[in-house]
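Please open the model in your viewer and set it to a cartoon view with side chains available on selection. The tour below proceeds stop by stop, stating at each one what to select and what is found there.

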Amino acid sequence: MVLIVSSNPIIGNYLIKKLEHPYKPISISTIKEADSIVVLSGMLHQVGDNKYSKYEFSDPDRFFGGLDLIRENKSDKIIFTAGQLPWTDNWEPEGFILKNKAISFGVPQAKILVTENVKNTYEESIAITKLISNNSSIILVTSAFHMHRSKYLFEKQGFDIIPYPVDFKTSNAKTSIMNFLPSVSSLNNVSLFIRENIGRLYYKLFL
């Protein structure tokens, strides 16, 4: 019964919509200029073997959202966080890979900063205070479902946050027969809902 309910697209879409609320896609033209653009980690994975491996995007929306903002001169610097989970400590920290990728897309190296290595969103918020003043205004770029918790943690550090949500998981497709058939993506949405709410509760209780 748990699998049947959790794999239902109507249920998955409803729960992910709850996570993303109240955030919606925003036109860059409506974003005010800020002291920095901060792009949170969580979009790369490594593929290959010992002979040859490389990094690929799981979802590039955070990266390209940050690039769009810097190109539109919404700030004079962009900061990537050097995400490195405990079980990926043999990987290059994500922020340095994204820095090189941004340079290849024409962003001047002088405009790019990378934090120290971080393992989670809380550590990301702390690491940013070591690069810029904690009363700075920042345009925070992360997935819509992750924005609520991220904004809370960065505001705890004293930053003035301008949210720029990307990577929306909510579907606006019309209801069809497919909405009543089991879906792996719906299971993923339910998993995101559970994990993200555990994270929100943890930080509310202990920070």
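Select aspartate 167, which is found in the loop between strand S7 and helix H7. The model is a predicted one. Aspartate 167 is not a glycine, yet its phi is positive, at about 55 degrees. Is this residue buried or exposed? Its relative accessibility is 9%, below the 20% limit, so aspartate 167 counts as buried.

Remain in the loop between S7 (160–166) and H7 and select proline 182, which is also placed there. Proline 182 has a relative accessible area of 68% and is therefore exposed. To see how far this loop lies from another part of the chain, add valine 38 to the selection. Proline 182 and valine 38 are 144 residues apart along the chain, and their C-alpha atoms are separated by 37 Å.

**Helix H7 and its partners**

Now select helix H7 (residues 184–206) together with helix H2 (residues 9–20). The two helices pack with their axes 8 Å apart and at an angle of about 30 degrees. That angle is under 35 degrees, so H2 counts as roughly parallel to H7. The crossing of H2 past H7 is left-handed. To display the contact, show the side chains of Pro9, Gly12, Asn13, Leu15, Ile16, Lys18 and Leu19 on H2. On H7, the residues to show are Ser186, Asn189, Val190, Leu192, Phe193, Glu196, Asn197 and Arg200. Coloured by class, this contact of H2 with H7 comprises 7 nonpolar, 5 polar and 3 charged residues.

Keep H7 in view and replace H2 with helix H6 (residues 144–156). The axes of H6 and H7 come within 10 Å and cross at roughly 10 degrees. This makes H6 roughly parallel to H7. Which residues make the contact? From H6 they are Phe145, His146, His148, Arg149, Tyr152 and Leu153. From H7 they are Leu192, Glu196, Gly199, Arg200, Tyr203 and Lys204. The contact of H6 with H7 divides into 5 nonpolar, 3 polar and 4 charged residues.

**After helix H2**

Return to H2 and follow the chain into the loop between H2 and strand S1 (36–39), where proline 22 is placed. Select histidine 21 with proline 22 and inspect the peptide bond that joins them. This bond is cis, with omega near 5 degrees.

**The aromatic residues**

Next, display the aromatic rings; the structure holds 11 aromatic pairs. Begin with phenylalanine 63 and phenylalanine 80, whose ring centres are 6.1 Å apart and whose planes stand at 25 degrees, so the pair is stacked. The pair links distant parts of the chain, 17 residues apart: phenylalanine 63 belongs to helix H3 (residues 61–71) and phenylalanine 80 to strand S4 (residues 78–83). Phenylalanine 63 and phenylalanine 80 are both buried. A second pair to select is phenylalanine 154 with phenylalanine 159, which is tilted, with 6.1 Å from centre to centre and 45 degrees between the planes. Phenylalanine 154 and phenylalanine 159 are likewise both buried.

Widen the selection to Phe57, Phe63, Phe64, Phe80 and Phe105, which ring pairs link into a cluster.

**Helix H3 and the residue after it**

Select H3 and show its buried residues, which are Arg62, Phe63, Gly65, Gly66, Leu67, Leu69 and Ile70. Then move to asparagine 73, which follows H3 and lies in the loop between H3 and S4. Although asparagine 73 is not a glycine, its phi is positive, at about 60 degrees.

**Final stop: isoleucine 128**

Select isoleucine 128 in helix H5 (residues 121–129). With a relative accessibility of 0%, isoleucine 128 counts as buried. Which residues is isoleucine 128 in contact with, leaving aside its neighbours within four places in sequence? They are Val38, Ile79, Thr81, Thr115, Phe154 and Phe159. Of these, Phe154 and Phe159 are the two rings of the tilted pair visited above. Lastly, add glutamate 116 to the selection. Glutamate 116 is 12 residues from isoleucine 128 in sequence, and the distance between them in space is 8.8 Å, C-alpha to C-alpha.

Definitions and conventions:
Residues are numbered from 1 along each chain as its sequence is written. This is a predicted model: local features need pLDDT of at least 70, side-chain atom pairs count only at pLDDT 80 or more; totals for chains, interfaces and linings use all residues. Side-chain values use heavy atoms; hydrogens and water are left out. Rings of Phe, Tyr and Trp (its six-membered ring) pair if their centres lie within 6.5 Å; planes under 30 degrees apart count as stacked, over 60 as edge-to-face and the rest as tilted. Helices (H or I, at least four residues) and strands (E, at least two) are DSSP runs, numbered from the N terminus. Buried means under 20% relative accessible area, exposed over 50%, partly exposed in between (1.4 Å probe, protein chains only). Axes are lines fitted to C-alpha atoms, for helices over the stretch in contact, and angles run from 0 to 180 degrees between N-to-C directions. Angles under 35 degrees count as roughly parallel, over 145 as roughly antiparallel, 65 to 115 as roughly perpendicular and the rest as oblique. A crossing is left-handed if the near helix is turned anticlockwise from the far one by less than a right angle, and right-handed if clockwise. Contact means heavy atoms within 4.5 Å. Ala, Val, Leu, Ile, Met, Phe, Trp, Tyr, Cys and Pro count as nonpolar, Asp, Glu, Lys and Arg as charged, and the others, Gly among them, as polar.
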